[in-house]
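Please walk through the following model with its sequence and coordinates at hand, since the explanation moves from one sheet to the next and then to the ligand and the covered helices.

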Amino acid sequence: MSALRGGTPIPPFDAMAARFRELYGDDAQPCLFFAPGRVNLIGEHTDHNGGCVLPCAISMGIWAMAAPRPRETVRLWSSRSAGSPPVEAPLRGLEYQAERGWANYPLGVVRALEDRGRALPSGLDVLFHADLPEGVGLSSSAAIEVLTARAANDIFGLGLDGTEIAQAAQEAEVRFVGVRCGIMDQFAVSMGRKHHAILLDCATLAHEQAPLNLTREGIACQIVIADSGVSHSLSASGYNLRRRECEAALEDVRSVRPSVGALCELSEGDLADIGGEGAFGESVLFRRARHAVTENARTLKAAEALRDGDLRELGRLMRASHLSLRDDYEVTTPELDALAELAWDRPGVLGSRMVGGGFGGSTVSIVEDAAIDAFIREVGAGYARRAGREARFYVVGTEDGARRLDAHGH
Ligand code: GLA
């Protein structure tokens, strides 16, 4: 088992610059950009149900070196596919092409900007370098999307603010890549702030930067990610199915209360008032709705607990969130359940739950500093016994959202 303690990472800028010149020529003066990943403390599958989320941007992410080019094509290269030449694609009228692989995410952003009337005025050369693992539920796709939008925006002066950048990035994922995600990931990556979590109302995009003080009774705690080793990269169909189920559940609600616009507008009391399970065509739809409703309430309570410095309550809510994702929303896996259960039983652990869309990926835990080494050792060993695989652990700090950096990476 292995652990990585995230500080603000320093990528190999000189090597990146040398590679950029090799790939794209000597004459360009590239600019440097960074976008963090995100971890969601609580509020899972509430964003696409018009509810609240509480994510933060984290100290692992993706860098881009980018320069305009006087041509009608975009060229993209990633150190993750170092053996391959840059992907080259036309500037206008782009469509998804499976063989372009990872490049579909940034290309989707080029297309989304065009659709918003902010087309890139000329070509763009980009080199990506990441220390954010893929497929573990830390939003590497949102990070590369927001990073591309931020780089294009700043280089060409497109005039988008951080919220619009998040929206363009989300459009890329929904319309181009075909995952009907909510706005949480792109918003957190674009608008995150170091030492804060964002309480975001996804229905209105009203948001508040909530100071993230993870000290309890004088004891400092950290955010620990445990990657189950089961990639969630094939989860798009499961995710889109959950969205359709929520839409069907909303239809059932609206047949009784036509004014309801989204599941998270309801309280648990409302669900009971409209007839509980009986109001839904299928019991599975009731459970999907109950998750959205109770998770939204937990998120608001968690924001309050954070404000009051009540980390024990935050932890309790995280555990309840996992159970609801397991039993009502059914997006956990046996591996995620094992990681969460192993964490709940340990001293020095305030809370633990699966994070992100589910169907694989990671858990997030809040762990007292002094308990982290034992946590990694013991949860890792227990997980290897129960799941027959190795978990990877990341101790992450919080970060500012996507931005341009100076030549030294600041
Ligand atoms: C994925 C999606 C988000 C959100 C989460 C679940 O990360 O991209 O929009 O729905 O799942 O909370």
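**From a hairpin to the ligand**

Strands β8 and β9 run antiparallel and are joined by five bridges, where strands (E, at least two residues) and helices (H or I, at least four) are DSSP runs numbered from the N terminus, and two strands count as paired if DSSP finds at least two bridges between them. This is a predicted model, in which local features need pLDDT of at least 70 and side-chain atom pairs count only at pLDDT 80 or more, whereas totals for chains, interfaces and linings use all residues. Residues are numbered from 1 along each chain as its sequence is written, and side-chain values use heavy atoms, with hydrogens and water left out.

Within the pairing of β8 and β9, H196 stands opposite P211 in β9. The hairpin of these two strands has five residues between them, and L205 takes a positive phi near 65° there. On the other side of the pairing, β8 (residues 196–201) is joined to β3 by two bridges, again in the antiparallel sense, and V53 stands opposite L200 in β8. Together these strands make an open sheet of three with the order β3-β8-β9 and antiparallel pairing; its edge strands are β3 (52–53) and β9 (207–211), each of which pairs on one side only. Helix α5 packs on this sheet and touches β3, β8 and β9, with a direction that makes about 135° with that of β8; contact here means heavy atoms within 4.5 Å, and axes are lines fitted to C-alpha atoms, for helices over the stretch in contact, with angles running from 0 to 180 degrees between N-to-C directions.

Both β8 and α5 are well covered. Five of the six residues of β8 are buried, so the strand is largely enclosed by the rest of the structure; buried means under 20% relative accessible area, exposed over 50%, and partly exposed in between, with a 1.4 Å probe and protein chains only. Seven of the eight residues of helix α5 (residues 184–191) are buried, so this helix too is largely enclosed by the rest of the structure, and the buried residues are M184, D185, Q186, F187, A188, V189 and S190.

A second open sheet has six strands in the order β6-β5-β7-β4-β2-β15, and its pairing is mixed. Its edge strands are β6 (87–90) and β15 (403–405), each pairing on one side only, and neighbouring strands are turned by 30° against each other on average, direction ignored. Strand β2 (residues 31–40) pairs with β15 in the antiparallel sense over three bridges, and the bridge partner of F34 in β15 is R403. Helix α3 (residues 140–156) packs on the sheet and touches β2, β4 (55–69), β7 and β15, its direction making about 45° with that of β4. Helix α2 (residues 104–115) lies across β5 (73–78), β6 and β7 (123–130), running at about 150° to β5.

The ligand is surrounded by residues including R38, H45, C181, M184, D185, Y239 and G356, where a residue is near a molecule if one of its heavy atoms lies within 4 Å of it. An oxygen atom of the ligand is 3.3 Å from an N or O atom in the side chain of R38, an oxygen atom of the ligand is 2.9 Å from a polar backbone atom of G182, and a backbone N or O atom of G357 lies 3.3 Å from an oxygen atom of the ligand. Taken alone, the ligand exposes 300 Å², of which the protein buries 93%; these accessible areas come from the Shrake-Rupley method with a 1.4 Å probe, and for residues only the protein chains shown count as cover.

H45, one of the residues around the ligand, leads on to E295: the two are 250 residues apart in sequence and 8.2 Å apart in space, C-alpha to C-alpha. E295 lies in helix α8 (residues 283–307) and is buried, with a relative accessible area of 0%. Not counting residues up to four places away in sequence, E295 touches I42, G43, E44, T46, S321 and R353.

Finally, helix α10 (residues 334–344) is mostly covered, with nine of its eleven residues buried, among them L336, L339 and W344. The buried residues of α10 pack against β11 (219–227), α9 (311–327), β12 (349–355), β13 (362–368) and α11 (372–387).

Methods. A polar contact is a pair of N or O atoms within 3.5 Å; within protein, one must be able to donate a hydrogen and the other to accept it, and residues adjacent in sequence count only if both atoms are side-chain atoms.
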